[in-house]
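Reader: I'd like to go through some of the labels people put on a structure like this and ask where each one comes from. Could you show me the model?

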Amino acid sequence: MANEENLKLFVKGQSGNINGRPRKYVTLLKEQGYKLSEINDTIQVMMSMDMEELNEVFKNPKATVLEKTIANSMNKSLQKGSLYSLDTLLTRVYGKPKEQFDIQQDTKIEVVFVEGKTIL
């Protein structure tokens, strides 16, 4: 019964997500006229601020939307004890660190010769 109700919501050939995936934050900022280098520079400077300086930026009526958004994001992240926003900002500026993997393979390959033929 529940499956029949769910099927009624979706029409063949029509997207179930009409608005699509939400745009990424940096894409929206670029549309507002910010250059990627300006975004990265702002993030770098603000990452070196202490809490008092971040609060001053957020309360400053002359601060840009970018500065206020970053300050608010960092402040909320620190209050929650979460590093998610900070990690996102650092990754945006410096890129993801290289990941290393240690792969060990214990697979044996057996070769058998039978009457002039090789069988793997």
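Author: Here is a set of questions and answers on this predicted model.

Reader: Let's start with burial. Why is S85 called buried?

Author: Its relative accessible area is 19%. The label buried applies under 20%, so S85 gets it. S85 lies in helix α6.

Reader: What does S85 touch, leaving out residues up to four places away in sequence?

Author: Two serines: S73 and S77.

Reader: And why is Q44 called partly exposed?

Author: Q44 has a relative accessible area of 34%. Buried would need a value under 20% and exposed one over 50%, so Q44 falls in between and counts as partly exposed. You'll find Q44 in helix α3.

Reader: Which residues does Q44 touch, not counting those up to four places away in sequence?

Author: V93 and Y94. Take V93: Q44 and V93 are 49 residues apart in sequence, while their C-alpha atoms are 7.2 Å apart in space.

Reader: On to the helices. What makes α3 and α6 oblique to each other?

Author: Their axes cross at roughly 130 degrees and come within 9 Å. Roughly perpendicular covers 65 to 115 degrees, and roughly antiparallel starts over 145. The angle fits neither range, so α3 and α6 are oblique to each other. As for handedness, the crossing of α3 and α6 is left-handed.

Reader: Which residues make the contact between α3 and α6?

Author: From α3 it's N40, I43, Q44 and M47, and from α6 it's L86, L89, L90, R92, V93 and Y94.

Reader: How do the residues of the contact of α3 with α6 divide into nonpolar, polar and charged?

Author: Seven are nonpolar, two are polar and one is charged. Arg counts as charged, so R92 of α6 is the charged one.

Reader: Now the largest nonpolar core: how many residues does it have, and which have the most contacts inside it?

Author: It has 14 residues, and those with the most contacts inside it are I43, M46, I70 and M74. At least two core residues come from each of α3 (36-47), α4 (51-59), α5 (65-80) and α6 (84-94). The biggest giver is α5, with four residues.

Reader: What is I70 in contact with, leaving aside its neighbours within four places in sequence?

Author: I70 is in contact with T42, I43, M46 and L89. Two of these, I43 and M46, are also on the list of residues with the most contacts inside the core. And I43 and L89 both appear in the contact of α3 with α6.

Notes. Residues numbered from 1 in each chain as written. Predicted model: local features only at pLDDT ≥ 70, side-chain atom pairs only at ≥ 80, totals over all residues. Heavy atoms only, no water. Core = buried A, V, L, I, M, F, W, Y, C linked by side-chain atoms within 4.5 Å. Buried < 20%, exposed > 50% of the residue type's maximum accessible area, 1.4 Å probe, protein only. Contact = heavy atoms within 4.5 Å. Axes fitted to C-alpha atoms, helices over the stretch in contact; angles between N-to-C directions. Parallel < 35°, antiparallel > 145°, perpendicular 65-115°, else oblique. Left-handed = near helix turned anticlockwise from the far one by under 90°.
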